[in-house]
Each structure stands twice: as structure tokens, then as C-alpha cells.
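Grab your favourite viewer and work through these exercises at your own pace. Each task comes with a worked solution, so try it before reading on.

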Amino acid sequence: MAVKAQSRTTHPGDDRVAEIYRTAAQIILEKGYDATSVSDIATALGITKAGLYHYIRGKKELLYDIMNFGLDELDAEVINPAMSIEDPEARLRFIIAADARLVTRGRGAITILVEEMSALTPAQNRKITKRKRAFFDVVRNSVNELAAQGRLRDVNATAAAFSILGMIHWLSRWFREDGALTAEEAAEELAKIALEGILRPAGPRAAQNRERSRPLRG
């Protein structure tokens, strides 16, 4: 199932806008949406509040734009490439590792999708929920494919999909760039933990296939 990428809401390709979205996402993640002001974001960026309004339309619109920005990156770097991977185990491994790298790089933009949905307008909420559901369906469908092939443990596919996504998005709460694990190592650990938790034990040949499916460093 292919998932069509959405275009960014404002200033596509603008590195400054990406910096604003990621900085604002981190502040909202740390303080919460209600406690974060436009002035807080402007100060963190080293610009005036008026200067920030050159790039944004308002606080609620900014939150919506951040969510779409994160989902655009998810489409481009995780979902669309994953659709070319035929084997469901290799596909899931790629999805988990690629999404984990995106979360650590994006400093919380994806995590906000989980925690701040109530701050959106009803119309915005419906649109973001639809995009989130498309990603969830990709993960759950991959789990269901494993079940159909007899490769899944006796677990519920919906519970497994939610657990995998929750594990990935919690990364922004504990990962530190100066910590014991690099972003790449953290991504690979999550993929290993998640898949070993849902897959039936396999023989040497399957283990070799999993090793070949590991993402390349660099």
C-alpha cells in the first residue's frame, strides 16, 4: 500500500523553516503546548517575535504545521521507501530503525503528534489523525503479513503495532546525543528488541536474512 506524501504547509525546502519547526517542537515537548509562548520560541531561535511571525501564522497553526512537517519527513524517509521492501520482517526492521533515526534527529517533532493532538482544531485534528492512521496501518499490515506466514508469536497485531510505535516515539524522552548509544545504535537496538518480541524463534537461515536486512551505517 503506497502512502502519498503531503506537501509542507509553508515555505517548502526552506532550511530556516525546518529549524523553526524543530526548535519549536523541542520547546513544546519540554514545556507542553499550553505553557509555550511564541516569545519562548522566538527567544530560542534568537529572533524577535515579529521576525518569527514572518514564518508562522500563529501558535495553533504552528503546531499543525510542525505535525505536517514531521509527517512529510515520515512519508519521504520511512513509509515510501518501506513500501519497496517485499519481506514484512525486513520492512518492519527498516521502518523501526528509520523512524527511530528520524525521531532522534527531529528532536521531538514526531512525538508531538502523540502528545498534543488535543490542542488542534477539530478540522486539523481529523487531517493529522488520518495521516497518522495511514502510518499505523502500514505497521499493522506488516505485522499481519508475518502472522499469515506463521512467523508471528501469539500476539495481537494491533497491540503489537501500537507497542512498536510507542517504543519508537518514546526515544525523544530518553535519548541523549552525549549518551551511551549513538542515534544509529539506539535505532538498531529498538529494531532488535521490537522484532525479537513479536517474531517466532527462527532457524539459522532466517537469522542470516535478518542480518542482511540491517540498515547500513553512514
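## Exercise 1: A buried ion pair and its partner

Aspartate 72 and arginine 131 are both buried, where buried means under 20% relative accessible area, exposed over 50% and partly exposed in between, with a 1.4 Å probe and protein chains only. Before you start, note that this is a predicted model, in which local features need pLDDT of at least 70 and side-chain atom pairs count only at pLDDT 80 or more, while totals for chains, interfaces and linings use all residues. Residues are numbered from 1 along each chain as its sequence is written, and side-chain values use heavy atoms, with hydrogens and water left out.

**Task.** Find which salt bridges arginine 131 forms with aspartate 72 and with aspartate 75, and work out which helices they tie together.

**Solution.**

1. Start with the criterion: a salt bridge is a side-chain nitrogen of Lys or Arg within 4 Å of a carboxyl oxygen of Asp or Glu.
2. Check the aspartate 72 side chain against arginine 131: they meet in a salt bridge at 3.0 Å, N to O.
3. Place both residues: aspartate 72 lies in helix 4 (residues 59–82) and arginine 131 in helix 7 (residues 122–148), so this pair ties together parts 59 residues apart in sequence. Helices here are DSSP runs (H or I, at least four residues), as strands are (E, at least two), numbered from the N terminus.
4. Now try aspartate 75: its salt bridge with arginine 131 has its closest N and O atoms 2.8 Å apart.
5. Aspartate 75 is in helix 4 and arginine 131 in helix 7, so this pair joins parts that are 56 residues apart in sequence.
6. Finish with the burial values: arginine 131 has 13% relative accessibility and counts as buried, and aspartate 75 is buried with a relative accessible area of 4%.

## Exercise 2: Salt bridges elsewhere

**Task.** Are glutamate 89 and arginine 151 buried or partly exposed, and what links their side chains?

**Solution.**

1. The side chains of glutamate 89 and arginine 151 meet in a salt bridge of 2.9 Å, N to O.
2. Glutamate 89 belongs to helix 5 (residues 88–106) and arginine 151 to the loop between helix 7 and helix 8 (157–169), so the pair ties together parts 62 residues apart in sequence.
3. Glutamate 89, at 6% relative accessibility, counts as buried, whereas arginine 151, at 23%, counts as partly exposed.
4. For the wider picture, a search of the whole structure finds 17 salt bridges. A network of salt bridges links Arg22, Glu73, Glu77 and Arg105.

## Exercise 3: Empty space

**Task.** What are the volumes of the largest cavity and the largest pocket, and which elements line them?

**Solution.**

1. Set up the search: on a 1 Å grid over the protein atoms alone, a cavity is a set of points where a 1.4 Å probe fits but cannot get out, while a pocket is an open set with protein on both sides within 12 Å along at least five of seven lines; lining residues have an atom within 4 Å of a point.
2. One cavity of 30 Å³ or more turns up, and the largest cavity holds about 40 Å³ of space.
3. Its lining includes Ile28, Tyr33 and Lys59. Helix 2 (38–45) and helix 4 each supply at least two lining residues, with helix 4 giving the largest share, three residues.
4. The largest pocket has a volume of about 380 Å³. Of its 16 lining residues, those closest to its centre are Val114, Lys132, Phe162, Leu165 and His169.
5. Helix 4, helix 6 (109–115), helix 7 and helix 8 each give two or more residues to the pocket lining, and the largest share, five residues, comes from helix 6.

## Exercise 4: The overall fold

**Task.** How many helices and strands does the protein have, and what share of its residues is buried?

**Solution.**

1. Count the elements: there are 11 helices and zero strands.
2. Of the 218 residues, 46% count as buried.
3. Take arginine 91 as a sample: this residue is found in helix 5 and, at 8% relative accessibility, counts as buried.
4. Lastly, the C-alpha atoms of arginine 91 and valine 143 are separated by 9.9 Å, with their positions 52 residues apart along the chain.

Conventions. Grid points are joined across faces, edges and corners, and a volume is the space filled by probe spheres set on the points.
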